[in-house]
Amino acid sequence: MFCVSGFLSSLFNGWLIGCLFLRSEFLSQFHLLFMNLSIACLGHNLLAGFPFQGTSAISRRWLFGKHCCQLFASLDKFFNNVEVLASILIILERYSSNHLDKLGNKFYFYAVLSSWIASMVYASLPFFDISKFVCDAAGISCSLDWHPQKQVDQLYIAVYIIISVLPTLVICGLKIQEKCQKRKYNLRTDDDQITEAVTMMIILMQISWIPSGLVSLFSLINIRLPKALVFMAPIANTISTAIPFITIFCYDQEVRRKLLGTLQRRQGWKMRRLAIKKYRRNPSPCSIDDRSNSHC
């Protein structure tokens, strides 16, 4: 189940990134920010996801040694933070696009760049004796040590918890502000459906992070972890990386048309290659394009 969900999530995100990259003529701020989130999800799956956790789960132990454990946990926290910050930027873009104070491309460029740099700095702090990474309760992955020994370790964990719940806090604040402005100015927007879809995407992603949050909370307060919860947490995390693709596929008609169009073009190329191979095996005086003529 874990490997299947990881493979499908990687496939979906790779498909979406390829479609948005190759069909860049219709890209907007929203699509670029969504591609940023998909890149983070794909990197999380491939570099800190099912290839390592899946094989370790099959063997029921961490297979890649202490140093790889540190690197794996650092990449996991890095991509987690990028996903959270990318989600917040998508929320800001949706709600700012529905009002007069729309933010510019320059702001989002620097915001995306800053989010990746800040996430990298935060994830690398345990290498400088600020908190540390250890093997998790299941023994098939690596995560933060939830038993801080120093005050700076407690601060590091507190920042991680705040970052994890930040998208929900931002959504609640913007929802309240939007309702107040709509009531005051009687605003009507054309993108309300996509905005609501993005809100639902963030909520579903936060729900899928709950098992990992419970594992962290139980570890922090020294409560015995249920085995089902321990093994459910990485699966739910992997499923969360597929939620952005499902959301945009269901609610954005333009992206859905482009995604399905790539499959149709690929099928057309396959049929063309098969026709060429068949023609080479049984050549005729006429070309493939001329076979509809009566003399052929």
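This tour moves through a predicted model one selection at a time.

**The whole chain**

Begin with the protein chain in a cartoon representation. Its secondary structure consists of 11 helices and 2 strands. Followed along the sequence, the elements run in the order α-α-α-α-α-β-β-α-α-α-α-α-α. The chain has 296 residues, of which 43% are buried.

**Helix H1 and its aromatic partner**

Select Phe12 and Phe245 and display their side chains. The ring centres are 4.7 Å apart and the planes meet at 10 degrees, so this pair is stacked. In sequence the two residues are 233 apart: Phe12 belongs to helix H1, residues 2-22, and Phe245 to helix H10, residues 243-251, so that the pair links distant parts of the chain. Which of the two categories, buried or partly exposed, applies to Phe12? Phe12 has a relative accessible area of 24% and is therefore partly exposed. Phe245, at 5% relative accessibility, is counted as buried, because the limit for that class is under 20%.

Now add Trp15 and Phe249 to the selection. Together with Phe12 and Phe245, these residues form one aromatic cluster.

Remain on helix H1 and select Asn13, which is also found there. Asn13 is buried, because its relative accessibility is 0%. Display Cys41 as well: the C-alpha atoms of Asn13 and Cys41 are 7.2 Å apart, while 28 residues separate the two in sequence.

**Helix H3**

Move to helix H3, residues 50-59, and select Ser56 within it. With a relative accessibility of 0%, Ser56 counts as buried. What does the side chain of Ser56 reach? It extends to the backbone oxygen of Phe52, at 2.9 Å.

Next select Gly54, another residue of helix H3. Gly54 has a relative accessible area of 2% and is therefore buried. Add Pro234 and draw the C-alpha to C-alpha distance: it is 9.5 Å, for two residues 180 positions apart in sequence.

**Further aromatic contacts**

The structure holds 16 aromatic pairs in total. Such a pair is described by two quantities, the distance between ring centres and the angle between ring planes.

For an arrangement to set beside the stacked pair of Phe12 and Phe245, select Phe109 and Tyr110. These two rings are edge-to-face, with 5.3 Å from centre to centre and 75 degrees between the planes. Phe109 is exposed, because its relative accessibility is 53%, and Tyr110 is partly exposed, because its relative accessibility is 45%.

Then select Phe30 and Arg94, where a charged residue meets a ring. Arg94 lies over the face of Phe30, at 4.7 Å from the ring centre.

**The loop between H5 and S1**

Follow the chain from helix H5, residues 105-124, towards strand S1, residues 133-135, and stop at Asp129 in the intervening loop. Phi of Asp129 is near 65 degrees, a positive value in a residue other than glycine. Most residues other than glycine have a negative phi.

Select Ser131 in the loop between H5 and S1. Phi of Ser131 is likewise positive, near 65 degrees, and Ser131 is not glycine. Is each of these residues buried or exposed? Asp129 counts as exposed because its relative accessibility is 55%, whereas Ser131 is buried because its relative accessible area is 6%.

**The nonpolar surface patch**

For the final stop, switch to a surface representation and select Ile161, Met200, Ile203, Leu204, Ile207, Ile210, Leu214, Leu217, Leu220, Ile221 and Ile223. These residues make a nonpolar surface patch of about 880 Å². Which elements give two or more residues to the nonpolar patch? They are helix H7, residues 192-208, and helix H8, residues 210-220.

One member to highlight is Leu217, located in helix H8. Leu217 is partly exposed, because its relative accessibility is 40%. That value satisfies the requirement for patch residues, which is over 30% relative accessible area.

Methods: Residues numbered from 1 in each chain as written. Predicted model: local features only at pLDDT ≥ 70, side-chain atom pairs only at ≥ 80, totals over all residues. Heavy atoms only, no water. Patch = residues over 30% accessible without salt bridge, like charges linked within 9 Å, V, L, I, M, F, W, Y side chains within 5 Å. Areas by Shrake-Rupley, 256 points an atom, 1.4 Å probe, with all protein chains shown as cover. Salt bridge = Lys/Arg side-chain N within 4 Å of Asp/Glu carboxyl O. Helix = DSSP H or I, 4+ residues; strand = E, 2+ residues; numbered from the N terminus. Buried < 20%, exposed > 50% of the residue type's maximum accessible area, 1.4 Å probe, protein only. Phe/Tyr/Trp six-rings, centres within 6.5 Å; stacked < 30°, edge-to-face > 60°. Lys NZ or Arg CZ within 6 Å of the ring centre and 35° of its normal. Polar contact = N/O pair within 3.5 Å; in protein donor to acceptor, adjacent residues only side chain to side chain.
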